[in-house]
Amino acid sequence: PDGLAWTKAAGAAGAGAVLGLGGPGEPDAKGASGPHVIVRGGTCLMWYEGFDGDRWTLLHATSPDGLSWTRRGPVLGPAAPGGLDELGRRNPLVLERKGRRELWYQGRSRSSPAFHVLRAVSPDGLVWTAAPGEVVLHPDPPVSGDEEVLAGSAIVLEGGAVRVFFARQVTTTRTAASGGAINERSFHIYSEVVDP
């Protein structure tokens, strides 16, 4: 009731979850995670990442109460060969700005750097179109290789710019006692104002 004292509300989708795995052959048959939920007109709208055992994709579900969910299927069509999200899409974040909804997500490509923050736009939240380019959220030094970057939360500012809170991996190299090089990865949280 106050954001301080919490009571767990068990769902009926198995293991206490409100949205469990999809059926065999479905895009979330092996994993359902990374939910982003907004409420509009008394309906809960969820965008989440599903894993079919081979590839991550973005999916949509709706609920009248936040506990019982109906799957609505994939958000975007198949990724283009050679595209920045060819190998998968994860980490959905939905914003309402400039008279439309925007879905920001992490795409994975074959080329380096492998991870990108991408967008799709929609007038109604149902039909989505991939926006060209990527949202550049790379503080110095820029993301390289297979370091990850993902937008976790955002605030739409007056005028439509976005203050994004994002995590990225940073690789540091140190010399091991044996004389070899050891690469260590750690995640850090950053904030940046962008207006793509």
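# Briefing on an all-strand predicted model

An open sheet of 4 strands, in the order β1-β2-β3-β4 and with antiparallel pairing, is a good place to begin reading this structure. Strands β1 (31–40) and β4 (70–74) stand at the edges of the sheet and have a single partner strand each, so one side of each is left without a neighbour there. From one strand to the next, the twist averages 25°. The model is a predicted one, and the values below are computed from it.

**The protein as a whole**

- The protein holds 11 strands and 0 helices, and when it is read along the sequence the pattern is β-β-β-β-β-β-β-β-β-β-β.
- The C-alpha trace spans about 60 × 45 × 45 Å along its principal axes, while buried residues make up 39% of the 196 residues.
- If one takes the contacts between residues at least 6 apart in sequence, 40% of them join residues at least 24 apart.
- The protein exposes about 10,800 Å², and carbon and sulfur atoms supply 55% of that area.
- There are 19 positive and 21 negative charges in the protein, and the mean positions of these two groups are 1 Å apart.

**Pairings inside the four-strand sheet**

- Strand β2 (residues 43–51) pairs with strand β3 (residues 56–63) in the antiparallel sense, and this pairing runs over 8 bridges; within it, Glu49 stands opposite Leu58 of β3.
- Strand β3 is also joined to β4 by 4 bridges, and these two strands run antiparallel; here the bridge partner of Ala61 is Arg71 in β4.
- Strands β3 and β4 form a hairpin with 6 residues between them, and in its turn Gly66 has a positive phi of about 85°.

**Backbone details that stand out**

- As background for the next points, most residues other than glycine have a negative phi, and most peptide bonds are trans.
- Asn91 has a phi near 60°, which is a positive value in a residue other than glycine; this residue lies in strand β5 (residues 88–97).
- Lys98 likewise has a positive phi, near 55°, and is a residue other than glycine, but Lys98 lies in the loop between β5 and β6.
- The peptide bond that joins Ser112 and Pro113 is cis, with omega at about 0°, and Pro113 has its place in the loop between β6 (100–108) and β7 (115–122).

**Buried, partly exposed and exposed residues**

- Asn91 has a relative accessible area of 19%, and because buried means under 20%, Asn91 counts as buried.
- Lys98 has a relative accessibility of 48%, which lies between the cut-offs of 20% and 50%, so Lys98 counts as partly exposed.
- Gly179 has a relative accessible area of 56%, and because exposed means over 50%, Gly179 counts as exposed.

**Where Gly179 sits**

- Gly179 lies in the loop between β10 (162–175) and β11 (181–194).
- Gly179 and Arg55 are 124 residues apart in sequence, and in space the two are 38 Å apart, taken from C-alpha to C-alpha.

How values were computed: Residues are numbered from 1 along each chain as its sequence is written. This is a predicted model: local features need pLDDT of at least 70, side-chain atom pairs count only at pLDDT 80 or more; totals for chains, interfaces and linings use all residues. Side-chain values use heavy atoms; hydrogens and water are left out. Two strands pair if DSSP finds at least two bridges between them. Axes are lines fitted to C-alpha atoms, for helices over the stretch in contact, and angles run from 0 to 180 degrees between N-to-C directions. Buried means under 20% relative accessible area, exposed over 50%, partly exposed in between (1.4 Å probe, protein chains only). Contact means heavy atoms within 4.5 Å. Accessible areas come from the Shrake-Rupley method with a 1.4 Å probe; for residues, only the protein chains shown count as cover. Lys and Arg count as positive and Asp and Glu as negative; His and the chain ends are not counted. The place of a charge is taken as NZ of Lys, CZ of Arg, CG of Asp or CD of Glu.
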